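I opened this notebook to keep track of what I looked up, one entry at a time. Each entry begins with what I wanted to know and ends with what I found.

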Amino acid sequence: MDELFPLPEPEHEMKLAHWLLGRESDLDLRVLETLLGEPQRYRDLRDMLIEGSSDTPLTRALRRLGERGLVRQGMNLDHPDDPRYYAATSLGVAVVLKAHEMLPIQKTLDEARRAGLLAG
Amino acid sequence: MTTPSFRDVVAKHHNDSDAVLVASREPCISIALDEDANVHGRAFQHANPDGLAELELRDSWIMAILLCAGDTTEHIARWILEGGRDPRRVVLYFHTDTDPRAALEAWHEAGLPVYSTWTIEDWRQLHKHFGAAWNVRVYDDFR
């Protein structure tokens, strides 16, 4: 069950940006974009980003982003009814900026695929 | 000026940073020991909450506090305050059976910010999150 401590891969920021842009839903990217300015309480994120009654997609997105070191979860115990808050890490900021650099390329590739010019 | 790549900074400096796993009761002790036993490539220090004063840490460090049901943060909060240490270097891991509010009572009373927390059930969940958190810590310290 040996496992190496995970050193980041070469082009780590680009690979994470690619992962963000390649997701079926853009929720992970929108969460990270929302956290660029300042930390947000969980409830505020939910109100801004989730339509409908279930916030499971948001919980899962935050879990994915946290496991990759893109977001940190803090707690403000002065807000007992909603103590969790989230902030982008330095890596999260770098990745969302990289994703924005890549967005035009991604859109071009998507259009090319739709037009049958690219496989997959 | 270009921003240094995350990979370059972490690969160059990951051995210049200390990581400490703190646990005082089961299953947190086993989770911490499993992390150490199963993961190679970096060395951890282990500590009990009442043995923190014996730690010798370099300027770059990160600490995972594993909190299981019944744990408190009294010793850790005192260690942070008395040493003028940066609480942002502490990641508080709650086992799924832990009541975060009860565990953090002393931390909160000490006026310390709860900068980074995560909920874990086993060492793999700890490993995934703490690995990423340590890499970000190294990047922030050495970029």
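**Entry 1: a residue to start from**

I began with B:Phe6, which I found in helix 1 of chain B. Since this is a predicted model, I kept in mind that everything I noted here was computed from predicted atoms. Is B:Phe6 buried or exposed? B:Phe6 has a relative accessibility of 2%, and therefore I entered this residue as buried.

I then listed what B:Phe6 touches, leaving aside its neighbours within four places in sequence, and found residues of chain A, namely A:Pro8, A:His12, A:Glu13 and A:Leu91, as well as B:Asn135, B:Val136 and B:Tyr139 of chain B. For a sense of distance I also looked up B:Ser116, which is 110 residues from B:Phe6 in sequence and 20 Å from it in space, C-alpha to C-alpha.

**Entry 2: two helices of chain B**

Three of the contacts of B:Phe6 led me on to helix 6 of chain B, where B:Asn135, B:Val136 and B:Tyr139 are among the residues that meet helix 1 of chain B. From the side of helix 1 of chain B, the contact is made by B:Phe6, B:Val9, B:Val10 and B:His13, while helix 6 of chain B also brings B:Val138 and B:Phe142. I sorted the residues of this contact by kind and recorded seven nonpolar, two polar and no charged.

How do the two helices lie to each other? The axes of helix 1 of chain B and helix 6 of chain B come within 9 Å and cross at roughly 95°. Because angles of 65 to 115 degrees count as roughly perpendicular, I wrote down helix 1 of chain B and helix 6 of chain B as roughly perpendicular to each other.

**Entry 3: the nonpolar cores**

Next I turned to the largest nonpolar core, which has 32 residues, and asked which of them touch the most other members. These are A:Val31, A:Leu32, A:Leu62, A:Leu65 and A:Leu70. Both chains contribute, for helix 1, helix 2, helix 3, helix 4, strand 4 and helix 5 of chain A, together with helix 1 and helix 6 of chain B, each supply at least two residues of this core. Apart from it I found another core, of 23 residues, among them B:Trp61, B:Ile76, B:Leu92 and B:Trp107.

I followed A:Leu62 further and, leaving aside its neighbours within four places in sequence, found it in contact with A:Val31, A:Tyr42, A:Leu45, A:Val71, A:Tyr86 and, from the other chain, B:Trp118.

A:Val31 sent me to helix 2 of chain A, where A:Val31 is buried along with A:Leu27, A:Asp28, A:Leu29, A:Leu32 and A:Thr34. I noted this helix as mostly covered, with six of its eight residues buried.

**Entry 4: chain A as a whole**

I counted five helices and four strands in chain A, and from the N terminus on I read their order as β-α-α-β-α-α-β-β-α. Of the 120 residues of chain A, 42% count as buried, and the C-alpha atoms of the chain fill a box of roughly 55 × 40 × 30 Å along the principal axes.

**Entry 5: loops and backbone oddities**

In the loop between strand 1 and helix 1 of chain A I stopped at A:Glu9, whose relative accessible area of 44% makes it partly exposed. Apart from its neighbours within four places in sequence, A:Glu9 is in contact with A:Lys15 and B:Arg7.

A:Glu11 is found in the same loop, between strand 1 and helix 1 of chain A, and has a positive phi of about 55° although it is not a glycine. In chain B, I noted a cis peptide bond from B:Glu26 to B:Pro27, with B:Pro27 lying in the loop between strand 1 and helix 2 of chain B. I marked these entries because most residues other than glycine have a negative phi, and most peptide bonds are trans.

**Entry 6: confidence**

Last, I checked how confident the predictor is, and found an average pLDDT of 88 for chain A and of 92 for chain B. Among the elements of chain A, strand 1 has the lowest mean pLDDT, 54, and strand 3 the highest, 97. For the complex, I copied down an ipTM of 0.90 and a pTM of 0.89.

Key: Residues are numbered from 1 along each chain as its sequence is written. Chains are lettered from A and ligands numbered from 1 in the order in which they are written. This is a predicted model: local features need pLDDT of at least 70, side-chain atom pairs count only at pLDDT 80 or more; totals for chains, interfaces and linings use all residues. Side-chain values use heavy atoms; hydrogens and water are left out. A nonpolar core is a set of buried Ala, Val, Leu, Ile, Met, Phe, Trp, Tyr and Cys residues joined through side-chain atoms within 4.5 Å. Buried means under 20% relative accessible area, exposed over 50%, partly exposed in between (1.4 Å probe, protein chains only). Contact means heavy atoms within 4.5 Å. pLDDT is the predictor's confidence in each residue, from 0 to 100. Axes are lines fitted to C-alpha atoms, for helices over the stretch in contact, and angles run from 0 to 180 degrees between N-to-C directions. Angles under 35 degrees count as roughly parallel, over 145 as roughly antiparallel, 65 to 115 as roughly perpendicular and the rest as oblique. Ala, Val, Leu, Ile, Met, Phe, Trp, Tyr, Cys and Pro count as nonpolar, Asp, Glu, Lys and Arg as charged, and the others, Gly among them, as polar.
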